[in-house]
Amino acid sequence: DESVQGGLTTVMRQTIQTPRATTTVCTLYTNGKFEGDDSATSQMNAQFGFAAIPSLFVNHFDRALLVGLGTGHSAAALKHLGYREIDIAEFAPGIVAAARQSFAHLNGGILDDPHTRLFLEDGRNVLLTNRQRAYDLITIEITSVWFAGATNLYSQEFYELARKRLKLDGILQQWIQLHHIGPHEVACALATARTVFPYVGLWFYGNQGLMIASSHPLVLDDARRPELARRLRSAPLVDELYGSVVVSPSGLTRLVNDFRPAINTDHNRWLEYSTPRYQSSDFDWLSHNRRLFSQYRN
């Protein structure tokens with residue numbers, strides 16, 4: 001599919017043969033950039049985590065907004081977790097077509113669910129124009145931050161808008177890549193969100209970084225563990241998700257003091273211009289960032 005909004009969207013179906021089995025994998029690409037697949041890899045774990053980890057701190061499961069549809073696996077996870085209404089903002093019509101035609105087996109036909117509403121629109125515009133809808137959870141998994149325009153959802157002004165659209169006890173989740181990015185850029189993203197949300201932390205799950213932001217402390221209430229275990233259908237999984245924290249909210253205070261990071265705004269898009277240079281680096285930034293930030297776990 002080719003469109004003004006999404007460029008070239010492609011689904012590649014590949015047959016993989018191993019001594020034990022033959023499997024077929026569907027992979028979604030936007031302009032040649034990997035966006036997701038249906039193989040049993042860490043990518044699926046990450047897409048599950050984008051919904052499950054912030055839900056550890058959600059008090060009500062009335063309404064969630066997913067920004068960035070991809071294969072639709074995260075949207076299906078939101079339904080699995082019990083959210084009564086799920087809004088999806090997806091800018092590219094090709095992504096929507098791919099999720100419906102090639103990944104329905106993965107997302108359970110979530111786009112045709114009567115409790116799901118699709119907005120073929122930029123996520124920030126959805127928040128700007130739907131002022132009467134308040135969310136318990138806003139979860140974001142758009143493409144890598146080094147794509148032109150992606151920082152539109154990493155700016156101080158965006159976080160201010162998101163906070164207005166969240167309920168008082170609502171939670172924001174945002175994918176923070178830890179590969180092909182330096183620690184100062186990660187610190188910038190975390191510190192920018194912290195200028196708006198008093199409690200911000202970084203989790204690592206499915207080989208990806210997840211920023212969780214809230215107006216209330218990010219502490220797992222022991223009284224809610226049975227309910228969360230029921231929603232996740234696994235008590236050990238609750239501990240696994242919660243224990244995947246890399247930078248705690250209190251540790252972030254020390255991190256900001258140590259790094260003194262730039263604050264990313266609509267008028268100073270430092271993050272968008274600084275990050276692309278890491279694409280040409282062969283250094284293992286993922287391992288480096290994990291080791292460096294682990295000292296702020298507390």
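Let's begin inside the molecule: α1 gives the largest share of the lining of the largest pocket, 4 residues. What you are looking at is a predicted model, and its open and enclosed spaces make a good way into the fold.

**The largest pocket**

This pocket has a volume of about 920 Å³. Its lining counts 39 residues, and those closest to its centre are Glu35, Glu141, Ile142, Thr143 and Ser144. Two elements, β4 (33–37) and α1 (42–55), each contribute at least two residues to the lining. Sorted by class, the lining of the largest pocket holds 16 nonpolar, 17 polar and 6 charged residues.

**The second largest pocket**

The second largest pocket encloses about 150 Å³ of space. If you would like to find it in the viewer, select Trp203, Leu218, Val219, Tyr242, Val245, Ser248, Pro249 and Ser250, which line it. There are no charged residues in this lining, which divides into 6 nonpolar and 2 polar ones.

**The cavity**

The model has 1 cavity of 30 Å³ or more. About 60 Å³ of space lies in this largest cavity. Around it sit Ser144, Val145, Tyr154, Trp175, Ile176, Gln177, Ile181, Glu185, Ala189 and Leu271. Here β9 (166–176) and α7 (183–194) are the elements that give two or more residues to the lining. By class, 7 of the residues lining the largest cavity are nonpolar, 2 are polar and 1 is charged. You may recognise one name: Ser144 lines the cavity and is also among the residues closest to the centre of the largest pocket.

Here are the three spaces side by side:

| Space | Volume | Lining by class |
|---|---|---|
| Largest pocket | about 920 Å³ | 16 nonpolar, 17 polar, 6 charged residues |
| Second largest pocket | about 150 Å³ | 6 nonpolar, 2 polar, no charged residues |
| Largest cavity | about 60 Å³ | 7 nonpolar, 2 polar, 1 charged residues |

**The chain as a whole**

Stepping back, the protein chain is built with 12 helices and 12 strands. Its radius of gyration is 18 Å, close to the 19 Å that the globule rule gives for 298 residues, so the chain is as compact as a globular protein of that length. The C-alpha trace spans about 50 × 45 × 45 Å along its principal axes.

Of the 298 residues, 56% count as buried. Among contacts between residues at least 6 apart in sequence, 71% join residues at least 24 apart. On the outside, the chain exposes about 13,100 Å², with carbon and sulfur atoms supplying 50% of that area.

Definitions and conventions
Residues numbered from 1 in each chain as written. Predicted model: local features only at pLDDT ≥ 70, side-chain atom pairs only at ≥ 80, totals over all residues. Heavy atoms only, no water. 1 Å grid on protein atoms, 1.4 Å probe; cavity = no way out; pocket = protein on both sides within 12 Å on 5 of 7 lines; lining within 4 Å. Points joined across faces, edges and corners; volume = space filled by probe spheres on them. Nonpolar A, V, L, I, M, F, W, Y, C, P; charged D, E, K, R; others polar. Rg over C-alpha atoms; globule rule 2.2 N^0.38 Å. Buried < 20%, exposed > 50% of the residue type's maximum accessible area, 1.4 Å probe, protein only. Contact = heavy atoms within 4.5 Å. Areas by Shrake-Rupley, 256 points an atom, 1.4 Å probe, with all protein chains shown as cover.
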